[in-house]
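The following account leads through a protein chain, from its overall make-up to a selected strand, a pocket, several charged pairs and a few backbone details. It is best read with the sequence and the coordinates at hand.

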Amino acid sequence: MLRVIGLLVLLAFVCSGITAQVTPVTPTPAQDTGSKRMVEIIHADVIRTEIKDSVTELKTLAGKVHLVQGKTHFFCDSAIINSYTKIVEAFGHIHINDADSVHTYSDYLIYYSNTKMATLKKNAKLTDGKTTLLTDELHYDVNQKIGEYFNGGRVLNNKSVLTSKEATYYGELKDVYFKKDVVLTDPQYLLKSDSLLYNTTTEIATFITQTYIEDSAKRKITTKEGYYDLKKGSATLGKRPIIEDTKARTKTIADIVETDDSTGITTLIGRAVHIDSAQGVSLLANFIRTNKKEETLFATQHPLMIIKQDNDSIYVTADTLFSGRLSKLKALQDSLASKDSLAGKDTLLTRSQTDTIRRAVTINIQDKNKNDSADRYFQGYHHVRIYSDSLQAVADSMFYSGADSIFKLFTDPVAWANDSQITGDTMYLYTKNKKPERLFVFENGFAINKAGKDMFNQLRGNRLNGYFVDGNIDYMRAKGNAESVFYAMDEDSALVGINKASGDIIDLRFVNKELNKVVIISDPKGTMFPAKQATEQDKVLRSFKWLEARRPKTKFELFGN
């Protein structure tokens, strides 16, 4: 109603030809009561005063209107000032300059000078110089420098666009709190949430409810809390966020996830799970770090790797697990030729790790498709433990290649299959379709098969070759200074005697997972001792050790705390 009356009065005033030029006008409040709260008139091309009643006085201003209250300046095409209600109604090209820190614009304004509350309508805009807020209706607290919209709006910041149904802007803090149907569109990210806190200066988005993010690489991230730094391209996410990479076919979950786009490094902290569907490999640990640029993975604090297969998955744990691309190992080998260690590099390798690579990588590495699951290796350092239903092993360090599916075990390796134990200086376990296929032991090879209580068939030699059928040991061959101890049984499984033999090549042959016979192929020598006459020395070979206590009994032993 004020607007209609004001326009009619202003039209009649102009048409009468009576005008008053104010250049400038001495600030004079309409009333003394509460005058300090009223806006002051700095300039208007036309001013008219109308007394409505004993308490109400209207001032109608037109043409380049300039008002001020404290440090806040108001500009518009025309305005009506009610001295009693202390309400200013303004029209056309409205601009509020709030101490040169926040600027607001619109086509229509109602301003309550007592409370310093402004309502801007039609093409409302608020900007602090870096960020622009756009909406159809904006409520702005001049005193607190707080702006709000409730019927939809958007915020522009560089190349980022944030839209929502509701938002509150805090000018002093440069924070915007978005609510309901929040969408952030950025060249690098698409973000959707119900609520979001965004700082226009730091360009940090803080997540406080369920939030969905999709980055330029099509990674899909779901989180309930955390923040994303749009300037640095880094994020910290909490409450077990989920990251899914459809291109790489990986899924990542942890209590806390930290990512940095500039370095390509993602850090998973607390109950972390990394699932690689392309390779059929899952990794669990309390700390995992992946490097997207180097395509490496580093895990510690009770790491556990699961190589999935249909009926007999392989479980591997160690103090530290590391993974990278085989196609990049050639360059790494060249570096190792001139350096004792790569510690401190992005690969996170220590001296013991580089020693493992020197020993493990003995074949020429051909270029492979970087997305090929075979182009991947895993390394384990210190207290390596391997478990599957058909085979178990321990060692100090390990190297596993996806190209040839070979587990290479170093420093005091021990492997068990059913009632058989194999030891040596270095051990290669060949797998096919993720099942044991062949076992090769370098130097000081020693195989033991438990025949009964306190009875152990034994085979030792410079080198050992073991072969498996359907994951079960089929036969074992010792070559070079081979020796054996064999407990001979009759048809009723009664002990007949103990055969101690030597030769250049000796085979142990198994039937139904049990040792069936010993075959000496070259240069045989041996003695059969009657069971009751055999001494303790006749029953064992030199360096005999039954290490059942070190054997992983179930996969649950590997999970740690």
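**From the whole chain to its details**

The chain has 4 helices and 40 strands. The model is a predicted one. Of the 561 residues, 49% count as buried. Among contacts between residues at least 6 apart in sequence, 42% join residues that are at least 24 apart.

Strand 25, residues 296-300, serves as an entry point. How many of its residues are buried? The strand is mostly covered, with 5 of its 5 residues buried. In a regular strand, the side chains alternate between the two faces of the sheet. In strand 25, T296, F298 and T300 point one way and L297 and A299 the other, and all are buried.

The pairing of strand 25 can be followed on both partners named here. Strand 24, residues 281-291, is joined to strand 25 by 5 bridges, and the two run antiparallel. Within this pairing, F287 stands opposite T300 of strand 25. The hairpin formed by strands 24 and 25 has 4 residues between the strands, and in this hairpin E295 takes a positive phi near 60°. Strand 25 is also joined to strand 28, residues 320-324, by 4 bridges, again in an antiparallel arrangement. Here A299 stands opposite L321 of strand 28.

Strands 24 and 25 lead on to the largest pocket, since both are among the elements that give two or more residues to its lining. The other such elements are strand 20 (242-245), strand 21 (250-253), strand 22 (256-260) and strand 23 (265-276). Which of the elements supplies the largest share of the lining? Strand 23 does, with 5 residues. The pocket holds about 1,100 Å³ of space. Its lining comprises 42 residues, of which D245, A248, T250, K292 and E295 lie nearest the centre. E295, one of these, is the residue with the positive phi in the hairpin of strands 24 and 25. By class, the lining has 12 nonpolar, 15 polar and 15 charged residues.

Charged side chains also meet one another in this model, and the count of salt bridges comes to 19. One of them joins K180 and E166, with an N to O distance of 3.1 Å. K180 lies in strand 13 (residues 175-185) and E166 in strand 12 (residues 166-170), so this pair ties together parts that are 14 residues apart in sequence. Are the two partners buried or exposed? K180 counts as partly exposed because its relative accessibility is 42%, whereas E166 is buried, at 15%. Not counting residues up to four places away in sequence, K180 touches S164, K165, E166 and D194. K180 and K192 are 12 residues apart in sequence, and their C-alpha atoms are 9.9 Å apart in space.

A second salt bridge is formed by the side chains of D215 and R219, at 2.6 Å from N to O. D215 and R219 are both buried. A third joins E557 and R385, whose closest N and O atoms are 3.2 Å apart. This pair links distant parts of the chain: E557 is in the segment after helix 4 (536-539) and R385 is in strand 29 (residues 377-387), 172 residues apart. E557 is partly exposed, with a relative accessible area of 39%, and R385 is likewise partly exposed, at 23%. In addition, D98, K145 and E172 are linked in a network of salt bridges.

The backbone offers further points to inspect. Most residues other than glycine have a negative phi. D454, which is not a glycine, nevertheless has a positive phi of about 60°. Where is D454 found? D454 is in the loop between strand 35 (435-452) and strand 36 (455-469). With a relative accessibility of 58%, D454 counts as exposed, because the cut-off for that class is over 50%. N481 also has a positive phi, near 50°, and is a residue other than glycine. N481 lies in strand 37, residues 472-489, and is exposed, with a relative accessible area of 61%.

Conventions: Residues are numbered from 1 along each chain as its sequence is written. This is a predicted model: local features need pLDDT of at least 70, side-chain atom pairs count only at pLDDT 80 or more; totals for chains, interfaces and linings use all residues. Side-chain values use heavy atoms; hydrogens and water are left out. Buried means under 20% relative accessible area, exposed over 50%, partly exposed in between (1.4 Å probe, protein chains only). Two strands pair if DSSP finds at least two bridges between them. A salt bridge is a side-chain nitrogen of Lys or Arg within 4 Å of a carboxyl oxygen of Asp or Glu. On a 1 Å grid over the protein atoms alone, a cavity is a set of points where a 1.4 Å probe fits but cannot get out, and a pocket is an open set with protein on both sides within 12 Å along at least five of seven lines; lining residues have an atom within 4 Å of a point. Grid points are joined across faces, edges and corners, and a volume is the space filled by probe spheres set on the points. Ala, Val, Leu, Ile, Met, Phe, Trp, Tyr, Cys and Pro count as nonpolar, Asp, Glu, Lys and Arg as charged, and the others, Gly among them, as polar. Contact means heavy atoms within 4.5 Å.
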